[in-house]
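Good morning, and thank you for the opportunity to speak. I would like to use this time to discuss charged side chains and the partners they find.

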Amino acid sequence: MIARRPERRPGGARKVYDAIVVGTGITGGWAAKELTEAGLDTLVLEAGPMIVPERDYVEHVPPYEQPFRGLRDRRRQRDRQKVQSRCYACDELAEKFFVDDVDNPYTTPKDQPFDWIRGRQVGGKSIMWARQSYRLSDLDFGAAERDGIGIDWPLRYADLAPWYDHVESFAGISGRAEQLGQLPDGRFLPAMPLNCVEEHARQAIGERWGGVRVLTPGRTAVLTQAHNGRAACHYCGPCHRGCITRSYFSSLNATLPAAEATGNMTLRPNSVVRQVDWSDGRATGVTVIDRESHDVVEFRARVVVVAASTLESARILLNSANSEFTEGLGNSSGAVGRYLMDHTMSVGAAGAFDGWSDQSYFGRRPNGAYIARFRNVTDQHPDFVRGYGYQGSAYRPDWNRGTSEAGFGATLKERLTRPGDWRMSIGAWGECLPYADNRAMIDPAVVDAWGIPALRISMRWRQNELVMQQDAAEQAAEMLAAAGAKNIEMRTVGTPPGLCIHEMGTARMGRDPRTSVLNGFNQSWDVPNLFVVDGAAMTSSACQNPSLTYMALTARACDHIVGRLKRFEM
(Lines give C-alpha, C1' and ligand atoms only; values in the text may rest on other atoms or scores of the structure.)
Protein backbone atom coordinates (compact mmCIF):
# COMPACT_ATOMS: atom_id res chain seq x y z
CA MET A 1 0.00 0.00 0.00
CA ILE A 2 1.44 3.40 -0.99
CA ALA A 3 1.34 6.07 1.69
CA ARG A 4 -0.31 9.20 0.34
CA ARG A 5 0.20 12.72 1.62
CA PRO A 6 -2.56 15.27 0.82
CA GLU A 7 -1.52 18.83 0.06
CA ARG A 8 -2.70 21.15 2.82
CA ARG A 9 -3.07 24.89 3.33
CA PRO A 10 -1.13 26.69 6.09
CA GLY A 11 -2.96 25.81 9.26
CA GLY A 12 -3.70 22.25 8.23
CA ALA A 13 -6.86 22.50 6.06
CA ARG A 14 -6.74 20.53 2.83
CA LYS A 15 -6.33 22.86 -0.15
CA VAL A 16 -8.84 22.55 -3.00
CA TYR A 17 -7.97 24.31 -6.27
CA ASP A 18 -10.56 25.51 -8.72
CA ALA A 19 -8.80 23.50 -11.43
CA ILE A 20 -5.91 21.13 -11.94
CA VAL A 21 -4.23 21.02 -15.37
CA VAL A 22 -2.13 17.94 -16.08
CA GLY A 23 0.62 18.78 -18.57
CA THR A 24 2.34 21.94 -19.82
CA GLY A 25 2.64 21.27 -23.55
CA ILE A 26 0.66 22.92 -26.34
CA THR A 27 -2.76 22.32 -24.74
CA GLY A 28 -1.73 22.38 -21.09
CA GLY A 29 -0.27 25.84 -21.59
CA TRP A 30 -3.47 27.04 -23.22
CA ALA A 31 -5.62 25.57 -20.44
CA ALA A 32 -3.43 27.28 -17.85
CA LYS A 33 -3.72 30.62 -19.62
CA GLU A 34 -7.47 30.50 -20.23
CA LEU A 35 -8.43 29.29 -16.77
CA THR A 36 -6.16 31.63 -14.81
CA GLU A 37 -7.17 34.66 -16.89
CA ALA A 38 -10.77 33.83 -15.99
CA GLY A 39 -9.80 34.05 -12.31
CA LEU A 40 -9.55 30.34 -11.46
CA ASP A 41 -7.02 29.24 -8.84
CA THR A 42 -5.21 26.69 -11.00
CA LEU A 43 -2.58 24.06 -10.21
CA VAL A 44 -0.53 23.12 -13.27
CA LEU A 45 1.37 19.83 -13.03
CA GLU A 46 4.32 18.80 -15.19
CA ALA A 47 6.00 15.39 -15.02
CA GLY A 48 9.44 16.76 -15.94
CA PRO A 49 11.79 19.48 -14.73
CA MET A 50 11.56 23.25 -15.00
CA ILE A 51 13.05 24.79 -18.14
CA VAL A 52 14.63 28.22 -17.88
CA PRO A 53 15.10 29.63 -21.40
CA GLU A 54 18.14 31.74 -20.52
CA ARG A 55 19.82 28.66 -19.12
CA ASP A 56 18.41 25.77 -21.15
CA TYR A 57 17.76 27.01 -24.68
CA VAL A 58 20.71 26.13 -26.89
CA GLU A 59 19.85 27.28 -30.41
CA HIS A 60 22.80 29.69 -30.46
CA VAL A 61 25.39 27.37 -28.89
CA PRO A 62 28.09 26.76 -31.53
CA PRO A 63 28.32 23.09 -32.50
CA TYR A 64 32.12 23.27 -32.43
CA GLU A 65 31.89 23.70 -28.65
CA GLN A 66 30.24 20.28 -28.31
CA PRO A 67 32.09 16.96 -28.04
CA PHE A 68 30.14 15.55 -31.00
CA ARG A 69 29.95 18.85 -32.89
CA GLY A 70 26.19 19.10 -32.41
CA LEU A 71 25.49 15.73 -34.02
CA ARG A 72 24.82 12.76 -31.71
CA ASP A 73 26.41 10.75 -28.95
CA ARG A 74 25.37 7.53 -30.66
CA ARG A 75 26.47 5.25 -27.83
CA ARG A 76 24.50 7.15 -25.21
CA GLN A 77 21.44 7.39 -27.43
CA ARG A 78 21.65 3.69 -28.23
CA ASP A 79 21.60 2.91 -24.51
CA ARG A 80 19.12 5.51 -23.22
CA GLN A 81 17.20 7.01 -26.17
CA LYS A 82 16.85 4.26 -28.74
CA VAL A 83 13.36 5.43 -29.74
CA GLN A 84 13.78 9.18 -29.24
CA SER A 85 16.91 9.26 -31.42
CA ARG A 86 14.77 8.28 -34.43
CA CYS A 87 13.45 11.85 -34.41
CA TYR A 88 15.55 14.24 -36.49
CA ALA A 89 15.48 16.84 -33.70
CA CYS A 90 17.02 14.61 -31.02
CA ASP A 91 20.59 15.77 -31.61
CA GLU A 92 23.43 16.34 -29.17
CA LEU A 93 22.15 19.75 -28.08
CA ALA A 94 18.40 19.05 -28.02
CA GLU A 95 18.39 15.48 -26.68
CA LYS A 96 17.75 16.81 -23.17
CA PHE A 97 14.25 17.81 -24.32
CA PHE A 98 13.42 14.16 -25.13
CA VAL A 99 12.63 11.46 -22.57
CA ASP A 100 14.91 8.72 -21.37
CA ASP A 101 13.45 5.56 -22.93
CA VAL A 102 14.74 3.35 -20.13
CA ASP A 103 12.93 5.32 -17.43
CA ASN A 104 9.83 5.68 -19.64
CA PRO A 105 9.25 2.28 -21.27
CA TYR A 106 6.38 1.02 -23.41
CA THR A 107 5.90 -2.13 -25.44
CA THR A 108 4.62 -3.02 -28.90
CA PRO A 109 3.96 -6.25 -30.79
CA LYS A 110 7.08 -7.31 -32.70
CA ASP A 111 5.36 -6.84 -36.04
CA GLN A 112 3.84 -3.43 -35.22
CA PRO A 113 6.59 -0.90 -34.47
CA PHE A 114 5.44 2.42 -33.03
CA ASP A 115 7.87 5.27 -32.36
CA TRP A 116 6.54 7.20 -29.36
CA ILE A 117 8.42 10.51 -29.30
CA ARG A 118 8.02 12.35 -26.00
CA GLY A 119 9.16 15.45 -24.15
CA ARG A 120 8.82 15.65 -20.38
CA GLN A 121 9.69 19.13 -19.14
CA VAL A 122 7.87 22.40 -18.60
CA GLY A 123 6.74 23.27 -22.11
CA GLY A 124 6.59 19.63 -23.22
CA LYS A 125 7.00 19.01 -26.95
CA SER A 126 5.96 22.59 -27.71
CA ILE A 127 9.69 23.35 -27.34
CA MET A 128 10.60 21.02 -30.22
CA TRP A 129 7.47 21.03 -32.43
CA ALA A 130 7.65 21.88 -36.14
CA ARG A 131 5.15 24.79 -35.72
CA GLN A 132 3.07 24.13 -38.86
CA SER A 133 -0.43 25.45 -38.08
CA TYR A 134 -3.47 24.69 -40.23
CA ARG A 135 -7.21 24.87 -39.69
CA LEU A 136 -9.46 21.90 -40.34
CA SER A 137 -12.57 22.46 -42.47
CA ASP A 138 -16.00 20.90 -42.77
CA LEU A 139 -14.44 18.54 -45.30
CA ASP A 140 -12.78 17.08 -42.18
CA PHE A 141 -15.42 17.65 -39.49
CA GLY A 142 -18.13 16.17 -41.73
CA ALA A 143 -16.09 13.33 -43.26
CA ALA A 144 -17.84 10.47 -41.45
CA GLU A 145 -21.23 11.87 -42.35
CA ARG A 146 -20.26 11.66 -46.03
CA ASP A 147 -18.33 8.40 -46.27
CA GLY A 148 -19.67 6.50 -43.24
CA ILE A 149 -16.23 5.74 -41.79
CA GLY A 150 -15.81 6.34 -38.06
CA ILE A 151 -18.16 8.53 -36.05
CA ASP A 152 -19.29 12.09 -36.63
CA TRP A 153 -17.56 15.00 -34.98
CA PRO A 154 -19.90 16.71 -32.47
CA LEU A 155 -19.13 20.12 -33.99
CA ARG A 156 -18.56 21.83 -37.29
CA TYR A 157 -16.18 24.50 -38.55
CA ALA A 158 -18.53 27.33 -37.55
CA ASP A 159 -18.36 26.15 -33.93
CA LEU A 160 -14.57 26.24 -33.86
CA ALA A 161 -13.81 29.19 -36.17
CA PRO A 162 -14.02 31.84 -33.39
CA TRP A 163 -11.60 29.79 -31.31
CA TYR A 164 -9.18 29.41 -34.21
CA ASP A 165 -9.32 33.23 -34.42
CA HIS A 166 -8.71 33.45 -30.68
CA VAL A 167 -5.62 31.25 -30.54
CA GLU A 168 -4.12 32.57 -33.79
CA SER A 169 -4.45 36.16 -32.58
CA PHE A 170 -2.45 35.35 -29.47
CA ALA A 171 0.05 32.85 -30.86
CA GLY A 172 0.93 34.65 -34.10
CA ILE A 173 0.59 32.54 -37.27
CA SER A 174 2.23 33.68 -40.50
CA GLY A 175 0.65 32.66 -43.78
CA ARG A 176 -0.97 33.67 -47.06
CA ALA A 177 -4.74 33.74 -47.58
CA GLU A 178 -5.77 31.46 -50.47
CA GLN A 179 -9.58 31.22 -50.11
CA LEU A 180 -9.59 27.41 -50.24
CA GLY A 181 -12.64 25.69 -48.84
CA GLN A 182 -10.66 22.66 -47.66
CA LEU A 183 -7.99 24.80 -45.95
CA PRO A 184 -9.66 27.82 -44.31
CA ASP A 185 -7.68 31.03 -44.04
CA GLY A 186 -6.80 32.39 -40.64
CA ARG A 187 -5.77 35.61 -38.95
CA PHE A 188 -2.33 35.71 -40.47
CA LEU A 189 0.80 37.73 -39.92
CA PRO A 190 2.70 38.35 -43.18
CA ALA A 191 3.83 35.08 -44.75
CA MET A 192 7.43 33.97 -44.95
CA PRO A 193 8.13 34.49 -48.65
CA LEU A 194 8.60 31.59 -51.02
CA ASN A 195 11.99 31.50 -52.70
CA CYS A 196 12.41 31.82 -56.46
CA VAL A 197 12.07 28.12 -57.30
CA GLU A 198 9.09 27.68 -54.99
CA GLU A 199 7.36 30.66 -56.64
CA HIS A 200 8.08 29.10 -60.02
CA ALA A 201 6.61 25.78 -58.85
CA ARG A 202 3.54 27.55 -57.44
CA GLN A 203 2.85 29.15 -60.82
CA ALA A 204 3.56 26.01 -62.85
CA ILE A 205 1.42 23.74 -60.68
CA GLY A 206 -1.41 26.26 -60.62
CA GLU A 207 -1.39 26.54 -64.41
CA ARG A 208 -1.11 22.79 -65.01
CA TRP A 209 -4.07 21.95 -62.76
CA GLY A 210 -6.18 25.04 -63.29
CA GLY A 211 -5.92 26.32 -59.73
CA VAL A 212 -7.11 23.04 -58.18
CA ARG A 213 -3.66 22.36 -56.76
CA VAL A 214 -2.27 25.27 -54.78
CA LEU A 215 1.25 25.69 -53.41
CA THR A 216 1.38 28.30 -50.65
CA PRO A 217 3.88 29.38 -47.99
CA GLY A 218 3.68 27.14 -44.94
CA ARG A 219 1.37 28.47 -42.24
CA THR A 220 3.61 28.54 -39.24
CA ALA A 221 3.60 29.68 -35.61
CA VAL A 222 6.76 31.72 -36.16
CA LEU A 223 6.58 35.51 -36.03
CA THR A 224 7.41 37.58 -39.09
CA GLN A 225 6.92 40.79 -37.12
CA ALA A 226 6.91 41.73 -33.44
CA HIS A 227 3.76 40.41 -31.79
CA ASN A 228 2.45 40.49 -28.22
CA GLY A 229 5.85 41.42 -26.82
CA ARG A 230 7.72 38.74 -28.77
CA ALA A 231 10.35 39.51 -31.42
CA ALA A 232 10.25 38.55 -35.08
CA CYS A 233 12.24 35.51 -36.19
CA HIS A 234 15.80 36.18 -37.30
CA TYR A 235 16.14 32.92 -39.31
CA CYS A 236 18.86 31.29 -37.20
CA GLY A 237 17.40 27.86 -37.98
CA PRO A 238 17.67 25.22 -35.21
CA CYS A 239 14.26 25.91 -33.64
CA HIS A 240 14.10 22.49 -31.96
CA ARG A 241 16.80 23.67 -29.55
CA GLY A 242 14.70 26.53 -28.19
CA CYS A 243 14.15 30.18 -29.09
CA ILE A 244 15.53 32.81 -26.74
CA THR A 245 13.77 35.61 -28.65
CA ARG A 246 10.46 33.73 -28.19
CA SER A 247 9.81 34.16 -31.90
CA TYR A 248 8.07 30.84 -32.26
CA PHE A 249 5.02 29.92 -30.24
CA SER A 250 5.38 27.49 -27.36
CA SER A 251 3.88 27.14 -23.92
CA LEU A 252 7.14 28.26 -22.39
CA ASN A 253 7.39 31.28 -24.70
CA ALA A 254 3.81 32.51 -24.53
CA THR A 255 0.91 30.86 -22.68
CA LEU A 256 2.63 29.93 -19.40
CA PRO A 257 4.08 33.44 -18.95
CA ALA A 258 0.57 34.82 -19.55
CA ALA A 259 -0.84 32.45 -16.92
CA GLU A 260 1.90 33.33 -14.47
CA ALA A 261 1.17 37.03 -14.92
CA THR A 262 -2.35 36.55 -13.53
CA GLY A 263 -1.07 35.43 -10.13
CA ASN A 264 -3.57 32.56 -10.27
CA MET A 265 -1.23 29.77 -11.40
CA THR A 266 0.70 27.38 -9.18
CA LEU A 267 3.18 25.53 -11.40
CA ARG A 268 4.58 22.31 -9.97
CA PRO A 269 7.24 20.55 -12.10
CA ASN A 270 8.57 17.06 -11.37
CA SER A 271 5.02 15.83 -10.72
CA VAL A 272 4.29 12.50 -12.38
CA VAL A 273 0.52 11.94 -12.33
CA ARG A 274 -0.31 8.39 -11.33
CA GLN A 275 -4.09 8.65 -11.64
CA VAL A 276 -7.14 10.87 -11.53
CA ASP A 277 -8.94 10.29 -8.25
CA TRP A 278 -12.69 9.74 -8.20
CA SER A 279 -15.52 9.60 -5.68
CA ASP A 280 -19.31 9.65 -5.92
CA GLY A 281 -19.41 10.24 -9.66
CA ARG A 282 -16.88 13.07 -9.77
CA ALA A 283 -13.16 13.57 -10.18
CA THR A 284 -11.77 14.79 -6.88
CA GLY A 285 -8.19 15.51 -7.96
CA VAL A 286 -5.05 13.60 -8.87
CA THR A 287 -2.40 11.45 -7.21
CA VAL A 288 1.15 12.48 -8.05
CA ILE A 289 4.52 10.77 -7.60
CA ASP A 290 7.35 13.24 -7.16
CA ARG A 291 9.88 12.61 -9.94
CA GLU A 292 12.88 13.21 -7.68
CA SER A 293 11.83 12.01 -4.21
CA HIS A 294 9.21 9.44 -5.28
CA ASP A 295 6.91 10.81 -2.55
CA VAL A 296 3.21 10.33 -3.26
CA VAL A 297 1.07 13.46 -2.95
CA GLU A 298 -2.66 14.03 -3.50
CA PHE A 299 -4.03 17.27 -4.93
CA ARG A 300 -7.71 18.24 -4.94
CA ALA A 301 -9.73 20.45 -7.30
CA ARG A 302 -13.23 21.17 -8.50
CA VAL A 303 -12.26 20.44 -12.11
CA VAL A 304 -9.53 18.22 -13.59
CA VAL A 305 -8.20 19.01 -17.07
CA VAL A 306 -5.99 16.30 -18.57
CA ALA A 307 -3.56 17.62 -21.20
CA ALA A 308 -0.72 15.14 -20.89
CA SER A 309 -0.58 14.26 -24.63
CA THR A 310 -2.62 11.69 -26.53
CA LEU A 311 -1.07 8.48 -25.26
CA GLU A 312 -0.09 9.71 -21.82
CA SER A 313 -3.62 10.99 -21.18
CA ALA A 314 -5.03 7.60 -22.19
CA ARG A 315 -2.54 5.95 -19.88
CA ILE A 316 -3.65 8.13 -16.97
CA LEU A 317 -7.33 7.33 -17.58
CA LEU A 318 -6.64 3.60 -17.92
CA ASN A 319 -4.54 3.62 -14.74
CA SER A 320 -7.39 5.43 -12.95
CA ALA A 321 -9.67 2.38 -13.00
CA ASN A 322 -11.85 2.01 -9.91
CA SER A 323 -14.82 0.01 -8.67
CA GLU A 324 -17.20 1.93 -10.94
CA PHE A 325 -14.95 2.13 -14.02
CA THR A 326 -13.07 -1.15 -13.98
CA GLU A 327 -11.59 -0.61 -17.47
CA GLY A 328 -10.43 2.94 -16.88
CA LEU A 329 -11.94 6.19 -15.67
CA GLY A 330 -14.62 7.58 -17.98
CA ASN A 331 -14.47 4.46 -20.13
CA SER A 332 -18.04 3.18 -20.16
CA SER A 333 -17.85 3.25 -23.98
CA GLY A 334 -14.71 1.12 -24.06
CA ALA A 335 -13.13 3.70 -26.38
CA VAL A 336 -10.33 4.93 -24.08
CA GLY A 337 -7.07 3.93 -25.72
CA ARG A 338 -8.75 2.92 -28.97
CA TYR A 339 -8.92 4.61 -32.40
CA LEU A 340 -5.29 5.70 -32.17
CA MET A 341 -4.26 7.65 -35.27
CA ASP A 342 -1.15 9.32 -36.65
CA HIS A 343 -0.33 10.78 -40.04
CA THR A 344 1.50 8.86 -42.72
CA MET A 345 4.68 10.69 -43.63
CA SER A 346 7.80 10.80 -45.81
CA VAL A 347 6.45 9.49 -49.13
CA GLY A 348 6.87 12.01 -51.94
CA ALA A 349 9.47 13.02 -54.51
CA ALA A 350 12.49 15.23 -55.10
CA GLY A 351 14.19 16.61 -58.18
CA ALA A 352 16.81 19.01 -59.50
CA PHE A 353 16.26 22.33 -61.29
CA ASP A 354 18.42 24.12 -63.82
CA GLY A 355 18.70 27.89 -63.67
CA TRP A 356 18.50 30.55 -60.95
CA SER A 357 22.23 30.05 -60.32
CA ASP A 358 22.53 33.74 -59.48
CA GLN A 359 19.86 33.56 -56.75
CA SER A 360 19.86 32.22 -53.23
CA TYR A 361 18.08 33.07 -49.96
CA PHE A 362 18.67 34.64 -46.57
CA GLY A 363 19.48 32.64 -43.45
CA ARG A 364 17.74 29.44 -42.44
CA ARG A 365 14.05 30.02 -42.97
CA PRO A 366 12.16 27.89 -40.40
CA ASN A 367 9.39 27.09 -42.84
CA GLY A 368 8.69 25.77 -46.32
CA ALA A 369 5.88 25.41 -48.81
CA TYR A 370 2.53 23.65 -48.42
CA ILE A 371 0.35 22.06 -51.09
CA ALA A 372 -3.23 21.82 -49.89
CA ARG A 373 -5.24 18.62 -50.15
CA PHE A 374 -6.76 18.06 -53.59
CA ARG A 375 -7.82 14.39 -53.41
CA ASN A 376 -11.47 13.64 -52.53
CA VAL A 377 -12.34 17.34 -52.24
CA THR A 378 -14.95 17.37 -54.99
CA ASP A 379 -14.52 14.09 -56.90
CA GLN A 380 -14.13 10.72 -55.15
CA HIS A 381 -10.92 8.78 -55.87
CA PRO A 382 -11.77 5.16 -56.79
CA ASP A 383 -9.13 3.57 -54.56
CA PHE A 384 -9.16 5.40 -51.23
CA VAL A 385 -11.08 7.86 -49.05
CA ARG A 386 -9.95 11.09 -47.37
CA GLY A 387 -6.71 12.71 -48.51
CA TYR A 388 -3.25 14.16 -48.01
CA GLY A 389 -1.34 17.44 -48.18
CA TYR A 390 2.30 18.15 -48.93
CA GLN A 391 5.08 20.00 -47.19
CA GLY A 392 8.45 20.72 -48.74
CA SER A 393 10.89 23.31 -49.97
CA ALA A 394 13.33 24.29 -52.68
CA TYR A 395 16.92 24.79 -51.61
CA ARG A 396 20.54 24.95 -52.68
CA PRO A 397 22.69 22.32 -50.91
CA ASP A 398 25.41 23.79 -48.72
CA TRP A 399 28.89 22.53 -47.85
CA ASN A 400 27.43 19.44 -46.16
CA ARG A 401 26.97 17.94 -49.63
CA GLY A 402 30.71 17.31 -49.57
CA THR A 403 30.04 14.10 -47.64
CA SER A 404 28.46 12.55 -50.73
CA GLU A 405 29.99 14.39 -53.71
CA ALA A 406 33.03 13.07 -55.55
CA GLY A 407 36.26 15.04 -55.31
CA PHE A 408 39.10 15.93 -52.97
CA GLY A 409 41.64 18.58 -52.12
CA ALA A 410 41.56 22.25 -52.99
CA THR A 411 39.17 21.82 -55.92
CA LEU A 412 36.53 20.17 -53.72
CA LYS A 413 36.99 22.76 -50.97
CA GLU A 414 36.63 25.64 -53.40
CA ARG A 415 33.48 24.13 -54.92
CA LEU A 416 31.92 23.70 -51.49
CA THR A 417 32.28 27.41 -50.76
CA ARG A 418 29.49 27.97 -53.31
CA PRO A 419 25.94 26.66 -52.94
CA GLY A 420 24.98 23.69 -55.09
CA ASP A 421 22.36 23.58 -57.82
CA TRP A 422 18.70 24.04 -56.90
CA ARG A 423 16.65 21.09 -55.72
CA MET A 424 13.07 20.74 -54.51
CA SER A 425 11.57 18.05 -52.30
CA ILE A 426 7.94 17.55 -51.27
CA GLY A 427 6.53 14.96 -48.90
CA ALA A 428 2.95 13.95 -48.12
CA TRP A 429 1.15 13.91 -44.78
CA GLY A 430 -1.81 11.55 -45.13
CA GLU A 431 -4.95 10.93 -43.11
CA CYS A 432 -5.18 7.74 -41.05
CA LEU A 433 -8.64 6.27 -40.55
CA PRO A 434 -9.85 5.42 -37.03
CA TYR A 435 -9.60 1.67 -36.36
CA ALA A 436 -10.75 0.19 -33.04
CA ASP A 437 -7.79 -2.18 -32.81
CA ASN A 438 -5.23 0.57 -33.33
CA ARG A 439 -4.99 1.07 -29.61
CA ALA A 440 -3.04 1.56 -26.41
CA MET A 441 -3.65 -0.55 -23.32
CA ILE A 442 -1.91 -1.13 -20.01
CA ASP A 443 0.90 -3.68 -20.10
CA PRO A 444 0.57 -5.48 -16.75
CA ALA A 445 4.19 -6.66 -16.83
CA VAL A 446 5.96 -3.30 -17.35
CA VAL A 447 6.23 -0.22 -15.13
CA ASP A 448 8.17 3.02 -15.48
CA ALA A 449 10.83 4.38 -13.14
CA TRP A 450 8.09 5.53 -10.74
CA GLY A 451 6.29 2.21 -10.59
CA ILE A 452 3.40 3.32 -12.85
CA PRO A 453 2.12 0.67 -15.29
CA ALA A 454 3.27 1.36 -18.84
CA LEU A 455 1.45 1.19 -22.16
CA ARG A 456 1.39 -1.50 -24.81
CA ILE A 457 0.74 0.18 -28.17
CA SER A 458 -0.62 -1.73 -31.17
CA MET A 459 -0.95 0.22 -34.42
CA ARG A 460 -0.44 -0.42 -38.13
CA TRP A 461 -1.29 1.20 -41.43
CA ARG A 462 -4.09 -0.45 -43.39
CA GLN A 463 -4.97 -0.66 -47.07
CA ASN A 464 -6.43 2.86 -47.29
CA GLU A 465 -3.26 4.45 -45.90
CA LEU A 466 -0.93 2.34 -48.08
CA VAL A 467 -2.80 3.00 -51.34
CA MET A 468 -2.98 6.71 -50.46
CA GLN A 469 0.78 6.84 -49.93
CA GLN A 470 1.48 5.35 -53.35
CA ASP A 471 -0.79 7.91 -55.00
CA ALA A 472 0.85 10.73 -53.04
CA ALA A 473 4.32 9.72 -54.23
CA GLU A 474 3.19 9.52 -57.86
CA GLN A 475 1.43 12.89 -57.73
CA ALA A 476 4.47 14.51 -56.08
CA ALA A 477 6.63 13.36 -58.97
CA GLU A 478 4.05 14.55 -61.49
CA MET A 479 3.89 18.03 -59.94
CA LEU A 480 7.68 18.38 -59.85
CA ALA A 481 7.81 17.32 -63.50
CA ALA A 482 5.20 19.94 -64.36
CA ALA A 483 7.46 22.53 -62.70
CA GLY A 484 10.42 21.44 -64.83
CA ALA A 485 12.37 19.30 -62.40
CA LYS A 486 14.76 16.66 -63.73
CA ASN A 487 16.24 13.47 -62.27
CA ILE A 488 13.11 13.04 -60.17
CA GLU A 489 13.22 10.37 -57.48
CA MET A 490 10.10 9.05 -55.77
CA ARG A 491 9.93 7.97 -52.13
CA THR A 492 7.24 5.29 -51.81
CA VAL A 493 8.01 3.87 -48.34
CA GLY A 494 6.80 5.94 -45.40
CA THR A 495 7.67 5.93 -41.73
CA PRO A 496 6.09 3.61 -39.14
CA PRO A 497 3.23 4.94 -36.99
CA GLY A 498 4.31 7.38 -34.31
CA LEU A 499 7.26 9.06 -35.98
CA CYS A 500 5.12 11.82 -37.47
CA ILE A 501 4.47 12.77 -33.81
CA HIS A 502 0.83 13.55 -34.60
CA GLU A 503 -0.67 10.76 -32.50
CA MET A 504 -4.31 11.40 -31.64
CA GLY A 505 -7.69 9.85 -30.95
CA THR A 506 -7.45 7.72 -27.77
CA ALA A 507 -10.34 9.48 -25.97
CA ARG A 508 -12.35 10.74 -28.88
CA MET A 509 -15.19 13.22 -28.74
CA GLY A 510 -18.53 12.37 -30.31
CA ARG A 511 -22.28 12.74 -30.23
CA ASP A 512 -23.07 9.44 -28.48
CA PRO A 513 -21.66 8.32 -25.08
CA ARG A 514 -21.88 4.71 -26.26
CA THR A 515 -19.21 5.26 -28.92
CA SER A 516 -17.12 8.16 -27.59
CA VAL A 517 -15.38 9.31 -24.41
CA LEU A 518 -16.01 13.06 -24.58
CA ASN A 519 -18.75 15.40 -25.71
CA GLY A 520 -18.23 18.37 -28.00
CA PHE A 521 -16.65 20.44 -25.22
CA ASN A 522 -13.94 17.86 -24.37
CA GLN A 523 -15.99 16.90 -21.30
CA SER A 524 -16.19 13.30 -20.11
CA TRP A 525 -19.63 11.80 -20.65
CA ASP A 526 -19.16 9.75 -17.46
CA VAL A 527 -17.38 12.20 -15.13
CA PRO A 528 -18.78 15.70 -15.63
CA ASN A 529 -15.88 17.61 -14.06
CA LEU A 530 -13.20 15.76 -16.06
CA PHE A 531 -11.95 17.20 -19.36
CA VAL A 532 -9.37 15.87 -21.84
CA VAL A 533 -8.04 18.61 -24.11
CA ASP A 534 -5.09 17.20 -26.06
CA GLY A 535 -4.92 15.12 -29.22
CA ALA A 536 -6.73 12.25 -27.49
CA ALA A 537 -10.00 14.12 -28.16
CA MET A 538 -9.69 14.03 -31.96
CA THR A 539 -12.50 12.16 -33.70
CA SER A 540 -10.62 11.87 -36.99
CA SER A 541 -7.11 12.86 -37.98
CA ALA A 542 -7.67 14.87 -41.19
CA CYS A 543 -4.34 15.39 -42.97
CA GLN A 544 -3.35 18.82 -41.63
CA ASN A 545 -0.90 19.26 -38.77
CA PRO A 546 -3.23 19.09 -35.77
CA SER A 547 -1.74 21.35 -33.07
CA LEU A 548 -3.71 24.47 -34.01
CA THR A 549 -6.92 22.47 -33.71
CA TYR A 550 -5.81 21.14 -30.31
CA MET A 551 -5.30 24.73 -29.17
CA ALA A 552 -8.67 25.94 -30.43
CA LEU A 553 -10.51 22.99 -28.85
CA THR A 554 -8.73 23.64 -25.55
CA ALA A 555 -9.67 27.33 -25.47
CA ARG A 556 -13.28 26.43 -26.29
CA ALA A 557 -13.36 23.76 -23.57
CA CYS A 558 -11.96 26.17 -20.99
CA ASP A 559 -14.60 28.75 -21.86
CA HIS A 560 -17.18 26.03 -21.28
CA ILE A 561 -15.61 25.13 -17.93
CA VAL A 562 -15.63 28.72 -16.73
CA GLY A 563 -19.24 29.19 -17.80
CA ARG A 564 -20.35 26.03 -16.02
CA LEU A 565 -18.52 27.03 -12.85
CA LYS A 566 -20.02 30.51 -12.89
CA ARG A 567 -23.47 28.97 -13.20
CA PHE A 568 -22.67 26.57 -10.32
CA GLU A 569 -23.22 23.62 -12.64
CA MET A 570 -20.02 21.78 -11.65
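Before I begin, one term: contact here means heavy atoms within 4.5 Å. Please also keep in mind that the model on the screen is predicted.

Let me apply that term to Glu95. Which residues does Glu95 touch, leaving aside its neighbours within four places in sequence? They are Arg76, Gln77, Gln81 and Cys90. With one of these, Gln77, the Glu95 side chain makes a polar contact of 3.0 Å. Glu95 itself is located in the loop between helix 3 and helix 4. Its relative accessibility is 13%, and because buried means under 20%, Glu95 counts as buried.

I turn now to salt bridges. How many does a search of the whole structure find? The search returns 40 salt bridges. I have selected three for discussion.

The loop that holds Glu95 also supplies our opening pair, Asp115 and Arg86. These two residues form a salt bridge in which the closest N and O atoms are 2.6 Å apart. Both partners lie in the loop between helix 3 (74–80) and helix 4 (138–141), so the bridge ties together parts that are 29 residues apart in sequence. Are the two partners buried or exposed? Asp115 is buried, at a relative accessible area of 5%, whereas Arg86, at 40%, is classed as partly exposed.

The next pair is Asp448 with Arg315, where the closest N and O atoms of the salt bridge are 2.7 Å apart. This pair links distant parts of the chain, 133 residues apart. Asp448 sits in the loop between strand 15 (439–447) and strand 16 (453–458), and Arg315 belongs to helix 9, residues 310–318. Here both Asp448 and Arg315 are buried.

The remaining pair is Arg14 and Glu298, a salt bridge with its closest N and O atoms 3.1 Å apart. Where in the chain do Arg14 and Glu298 lie? Arg14 is in the loop between strand 1 (5–6) and strand 2 (16–22), while Glu298 is in strand 10, residues 296–306. The two are 284 residues apart, and the pair again links distant parts of the chain. Arg14 is partly exposed, with 33% relative accessibility; Glu298, with a relative accessible area of 11%, is buried.

Which residues are linked with Arg14 and Glu298 in a network of salt bridges? The answer is Asp277 and Arg300.

That concludes my presentation. Thank you for your attention.

Definitions and conventions: Residues are numbered from 1 along each chain as its sequence is written. This is a predicted model: local features need pLDDT of at least 70, side-chain atom pairs count only at pLDDT 80 or more; totals for chains, interfaces and linings use all residues. Side-chain values use heavy atoms; hydrogens and water are left out. A salt bridge is a side-chain nitrogen of Lys or Arg within 4 Å of a carboxyl oxygen of Asp or Glu. Helices (H or I, at least four residues) and strands (E, at least two) are DSSP runs, numbered from the N terminus. Buried means under 20% relative accessible area, exposed over 50%, partly exposed in between (1.4 Å probe, protein chains only). A polar contact is a pair of N or O atoms within 3.5 Å; within protein, one must be able to donate a hydrogen and the other to accept it, and residues adjacent in sequence count only if both atoms are side-chain atoms.
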